[in-house]
Structures are given as C-alpha cells and as structure tokens.
Amino acid sequence: MDVKSSSALLSNTNFSGFTLRNSDHAFSTSCSYPRSPMAVSCQLSKNSHHENVTSLPLSNTLTNHCLTFDKRNPLGKTFCSAGVCTYDGVAVESHSGIVEEKVGVLLLNLGGPDKLDDVQPFLYNLFADPDIIRLPRLFRFLQRPLAQLISVLRAPKSKEGYAAIGGGSPLRKITDEQANALKMALEAMKVSANVYVGMRYWYPFTEEAIQQIKRDRITRLVVLPLYPQYSISTTGSSIRVLQSLFRKDAHLSKLPVAVIKSWYQREGYVNSMADLIAKELETFSEPSEVMIFFSAHGVPVSYVENSGDPYKDQMEECIFLIMQELKARGIENKHTLAYQSRVGPVQWLKPYTDEVLVELGQSGVKSLLAVPVSFVSEHIETLEEIDMEYKELALESGIKNWGRVPALGCTSSFITDLAEAVVEALPSATAMSASSDTSIVEEDHDPIRDFVKLLFGSVLAFLLLLSPKMISAVKNYL
C-alpha cells in the first residue's frame, strides 16, 4: 500500500564536515510492505535530552570536530572557522581543519530468515545467544549444543509461520528501506553520513556491518537500535557484540561512538503512536467502546528481577505516556498491556497476550484494537502471531470487532525524527567501552578447547535427549 509522505522543515546548523545553510529543505520517503505504514516520529521529551544516549569512555581520544546544540533547539546555530567554533556567541576549540569527519549510522535489528531453508540456522543463532538462553557458567559449554537441539525441534513449527506470511521475513527489506530513507533525511539536513544495517541473528550480521564501517574509514559512529525500549535481550545483546568487536580491534577501539539505548519516551514518538491509534479507532462503528490492547514482546521475569533489565518499567512508562496524550485529545478508551512471544518453561512477564484476550472476550469486550508497541517493522510476530493467531483466538473468545495498528515502518515523520536523534547524539560520541553493559561479556575462545566442549556437549545433549524428562522440557520451547 502507499505510504504517507510528509515534509520536514530543517533549520540552520553548521559543524565540522557538513553545514546547514539558512534555508528550508523538504523531503519525502516511501516504502511498501504487507501492512500500510503510518506516520511516526521519535523526538526526545523536553525533560530528558540525551538521557538515553550513551557514550562509553575507553581512552582519552580527542573529538576531532565541534558539535554543540542548544537543549531548547537540538538543531541550533553553530558557526565554525578554522580551529574555532562559535555557538550563540561562545567560542569552542575545534580540530575541524585537521580531520574530515566521516559520519556513520548503524541501525541494529533482530534479523529474520529470508527463506524457509534459513529458519533452522536462524533459530540456532537466536538460541545460541547467551543473552537469550542464560545458562549457569558451569553449563555454558552446552549453549551451542542446546541451541542446535532446540532449533532443529522448533524449526518445523516456525517454518509454518513463515510460510503463512510469504515464505520468509520481510524484516531485512524493511530495515534496508529505513536505512536508505534515513540517509536521505540526513542529506536533507546537509549531514553526509553512511547508514549501515546490522542484524543480530541473520544477514547482514552486525559483524559484517562493522567491517564495512572500518573499510569506509568512518570517524564518528552513532548506533541506533530499532527497539523503542531497552532490553538485555535486544539492544543489550547487540551492544555486547559491538563491545567484543571493538575491544579486539585497535582502530575500532578508538572510534568515537554514541549509542542511543532507547527512544520510547520521545515526544514525537508518543504523539505519533497516539495518531496511529486515533486513526484506527475511527474505523470502528463505535470508537469510544473499543478496548486498546497493547501487545509487547515479552522477556523472562529473571531478566528484570535478577539482572536489572529496565524493559518492563520502560514499557509501562511508554504506555502511560501514549494514553496520557490520547486523553489530552479527548480519547478516554479503556486500555490494557500484555506480553507475547514467550518460549520455554520459565516464567515470562505477565499478563500473557493469549490469556488476556480470552479473559477480555469472556468479560464482554466486543471491540478490540491491537497495538504492537515494541516493534518498528512488520515481521512474523505482527503478521502471523498477532494478525493470525491472536486475531483467531480473540474472535473465538467472543470479541466481534478486531483491528490492528500497523508497525512504524519507514514513513517520513518517523525517519525525520530518527535523523534528528542521530544529530542530537553525535556530540556525545566517545570511544566505546567493553565493560559497561549488563549483558554477558564474551569470553576469549581457544579453538581446541571449544572443539572439545562442543564435542562433549553434543554427546551429552544427545544422551539427555533420550531422557523422557528432557524431552518433556524441550517440548516447552516448541
């Protein structure tokens, strides 16, 4: 379907390597995918400027350009000459005459199988991540054998889901479109930047993107995870990979990097989500009677209680802000939040989406609008899990009217605000630390030791598979 396009008026900014003149620029972007995207933006709230932009110090590396912004206007006025930048009358030392900045932006996402034959190896990569299945240190050598076992057993069911949405995940295509649109948005701001895509569990892998960043001789990098809320299992896992790569490379270890850890609280994001919901409500015959049903991806409770994962708190705050904005517009519908996509025998964040849908239907709710609040792109968990499985369950439980808000996609207002977030983050970039995140630190690997562990773990996993209790436990992952 066609994508809405909108224009963004861009003010005048000047900093080393690129300059915005006193002129207005407009741009529009478009992309297409199974659901029609809606306009979304993600602007930092007034009270939390740079709150979720992290720079991780590792060395005394000097910044090679001057970037200064007024907190009241992120795109403030800066005028630079050789060696000195003047920002609103304040002189700031600059090294812009020495090194030409080459800005890079790295978009991080989960990744997904391009075709059905990719499903099992994709699942292996997913479950081999120690931030997804957290084994005790004593049993960590079983990580890969266990991942192999689970991926083989789970693949047939997962293939059915991907087959139902066309035979593969649209995530790579959509993320590539988002990257191209973001590059255009930055160019419209006179910011010359290369935009890269790094997937955690499938091609193009984060490691591939980092090697390209190195080949392109990027001098300043902004890392932008496409997850509105931070979790150890999403943004945290990807940061762990980056830290490992940067720690082992002398050049990368000195590269100034800014990580935008979360952006759920941005005023533009909140307003745009409210826009999406308000528009979809109008498709119902009685909009005021519709239950707004926020469905977020779940995480194990242990992540929150034992590892300090802020995901649950951020998600609840996100929902509060969206509903607050809706109420300011006179929309006072009832709402609820539930968590989807749980796997395994462990306890995940509650309430569970499937259970809440049944309860709502049994309690007399007739109209429901599903809002996938933790996703920015359509993929299997929106197109198959929500649109097919949960819709069918809701209708069977007594709900008569079903609707669903599309994911953010790559509409102009969303991309424009991502570009603004990148510009806001650039001044805070410093060399990345390898030890400042809550996710697991990767250990150095000895090839012979790893082979022995893999061989022993594979034999043990096979023996365990023969145990009826283990078979029952593993089936809980399917």
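## A tour of the predicted model

Select Thr-206, Glu-207 and Ile-210 in α4, together with the residues they meet in α5: Val-241, Leu-242, Leu-245 and Phe-246. By class, the residues of this contact comprise five nonpolar, one polar and one charged. The coordinates on display belong to a predicted model.

Next, show both helices in full, α4 as residues 206-215 and α5 as residues 232-247. Their axes come within 10 Å and cross at roughly 45°. An angle from 35 to 65 degrees falls outside the roughly parallel and roughly perpendicular ranges, and α4 and α5 are therefore oblique to each other. The handedness of the crossing, as α4 passes α5, is right-handed.

**The loops on either side of α4**

Move to the loop between β8 (193-199) and α4, where Pro-204 lies. The peptide bond joining Tyr-203 and Pro-204 is cis, with omega about -10°. Then select Arg-217, in the loop between α4 and β9 (220-225). Arg-217 is not a glycine, yet its phi is positive, at about 55°. Most residues other than glycine have a negative phi, and most peptide bonds are trans.

**The four-stranded sheet**

Select β11, β12, β13 and β14. These four strands form an open sheet, in the order β12-β11-β13-β14, with parallel pairing. Which strands stand at the edges? They are β12 (335-340) and β14 (401-404); each has a single partner strand, so one side of each is left without a neighbour in the sheet. From one strand to the next, the twist averages 25°.

Within the sheet, isolate β11 (residues 291-297) and β13 (residues 367-372), which pair in the parallel sense over five bridges. To locate one of these bridges, select Phe-294 and its partner in β13, Val-371.

**Helices across the sheet**

Add α8 (residues 311-328), which lies across β11 and β12 and runs at about 150° to β12. Then add α10 (residues 380-396). Helix α10 lies across β11, β12, β13 and β14, at about 165° to β14.

**From α10 to α9**

Keep α10 selected and bring in α9 (residues 353-362), which packs against α10 at an angle of about 25°, the two axes being 8 Å apart. Angles under 35 degrees count as roughly parallel, and α9 and α10 are therefore roughly parallel to each other. Their crossing is right-handed.

Which residues of α9 and α10 meet? On the α9 side, select Thr-353, Asp-354, Leu-357 and Val-358; on the α10 side, select Tyr-390, Leu-393 and Ala-394. The classes represented in this contact are five nonpolar residues, one polar and one charged.

Turn now to Pro-351, in the loop between β12 and α9. The peptide bond from Lys-350 to Pro-351 is cis, and its omega is near 5°.

**Colouring by confidence**

Finally, colour the chain by pLDDT. The mean for the protein is 78, and 70% of the residues reach 70 or more. Over residues 1-51 the pLDDT is below 50, although this stretch has 164 contacts in the model beyond near neighbours in sequence. Select residues 434-445 as well: pLDDT stays under 50 there, and the model has 36 contacts for this segment beyond four places in sequence. Where pLDDT is low, the predicted coordinates should not be read in detail.

How values were computed:
Residues numbered from 1 in each chain as written. Predicted model: local features only at pLDDT ≥ 70, side-chain atom pairs only at ≥ 80, totals over all residues. Heavy atoms only, no water. Axes fitted to C-alpha atoms, helices over the stretch in contact; angles between N-to-C directions. Helix = DSSP H or I, 4+ residues; strand = E, 2+ residues; numbered from the N terminus. Parallel < 35°, antiparallel > 145°, perpendicular 65-115°, else oblique. Left-handed = near helix turned anticlockwise from the far one by under 90°. Contact = heavy atoms within 4.5 Å. Nonpolar A, V, L, I, M, F, W, Y, C, P; charged D, E, K, R; others polar. Pairing = 2+ DSSP bridges. pLDDT = per-residue confidence, 0-100.
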